[in-house]
Amino acid sequence: MTPLRQKVIDQMTLQGLSAATQKSYLYQLKEVAKYFHLSPDVLSDTEIQSYLLYLIRDRHWSWSSCRQALHALNFLYRHVLNKPLGQMALPHSNKTQKIPDLLYPDEVLN
């Protein structure tokens with residue numbers, strides 16, 4: 001285990017992140033390291049933005065998965081490295097929310 005990975009695990013534990021969140025953040029950080037063949041702590045804002053574009057365009061990841069990758073990187077930079085991470089442009093999904101049909105009390109009885 002690399003020292004950076006251990007620092008990330010230690011900080012996530014101290015922050016009280018759930019086991020599922022820890023697992024997903026570690027997965028996301030591993031994926032970005034594999035993509036660049038570099039440790040994620042040396043990436044520039046431009047490289048991170050290009051990685052997010054890669055996830056959207058080439059891997060066709062959902063918006064929520066892309067956001068998870070961004071949150072993992074944000075956690076690494078803010079809480080482990082104590083460096084600011086620049087603003088990343090990641091738009092919201094275009095899904096429309098469907099409002100459920102509401103029934104009146106007399107309709108429920110029928």
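**Polar contacts and salt bridges around helix α2**

In this predicted model, the side chains of Q28 and Q68 are joined by a polar contact of 3.0 Å. Q28 is part of helix α2, and with a relative accessibility of just 3% it counts as buried. Setting aside residues up to four places away in sequence, Q28 touches Y51, W61, S65, Q68, A69 and A72. So what does the rest of the meeting between α2 and α4 look like?

On the α2 side, the residues involved are S24, Y25, Q28, L29 and V32. Facing them in α4 are S65, Q68, A69, H71, A72, L73, F75 and L76. Sorted by character, the residues of this contact come out as 8 nonpolar and 5 polar, with no charged ones. The Q28 and Q68 pair, with its 3.0 Å polar contact, thus belongs to a helix-helix contact whose members include both glutamines. As for geometry, two packed helices are described by the angle between their axes and by the distance between those axes. For α2 and α4 the angle is about 90 degrees, and the axes are 9 Å apart. An angle from 65 to 115 degrees counts as roughly perpendicular, and α2 and α4 are therefore roughly perpendicular to each other.

Helix α2 covers residues 19-36, and another of its glutamines is Q22. Buried or exposed, where does Q22 fall? Its relative accessibility is 16%, and the cut-off for buried is under 20%, so Q22 counts as buried. A polar atom of the Q22 side chain sits 3.0 Å from the backbone oxygen of L17. Once neighbours within four places in sequence are left out, the contacts of Q22 are M12, T13 and L17.

Charged side chains come into the picture at E31. How many salt bridges does the structure hold? There are 2. One of them pairs E31 with K34, at 3.3 Å from N to O. Both partners lie in α2, 3 residues apart, which is about one turn of the helix. The other pairs E31 with R59, whose closest N and O atoms are 3.1 Å apart. Here the partners come from separate places: R59 lies in the loop between α3 (45-57) and α4 (63-80) while E31 is in helix α2, so this salt bridge ties together parts that are 28 residues apart in sequence. Taken together, E31, K34 and R59 form a linked network of salt bridges.

The accessibilities within this network are worth setting side by side. E31 counts as buried, at 9% relative accessibility, whereas R59, at 31%, counts as partly exposed. Partly exposed covers the range between the 20% and 50% cut-offs, which is why R59 gets that label at 31%.

Finally, a look at helix α1, which spans residues 3-15. K7 is in this helix, and its relative accessible area of 52% makes it exposed. Where K7 and H79 are concerned, the two are 72 residues apart in sequence, yet their C-alpha atoms are 9.8 Å apart in space.

Note on methods:
Residues numbered from 1 in each chain as written. Predicted model: local features only at pLDDT ≥ 70, side-chain atom pairs only at ≥ 80, totals over all residues. Heavy atoms only, no water. Salt bridge = Lys/Arg side-chain N within 4 Å of Asp/Glu carboxyl O. Helix = DSSP H or I, 4+ residues; strand = E, 2+ residues; numbered from the N terminus. Buried < 20%, exposed > 50% of the residue type's maximum accessible area, 1.4 Å probe, protein only. Axes fitted to C-alpha atoms, helices over the stretch in contact; angles between N-to-C directions. Parallel < 35°, antiparallel > 145°, perpendicular 65-115°, else oblique. Contact = heavy atoms within 4.5 Å. Nonpolar A, V, L, I, M, F, W, Y, C, P; charged D, E, K, R; others polar. Polar contact = N/O pair within 3.5 Å; in protein donor to acceptor, adjacent residues only side chain to side chain.
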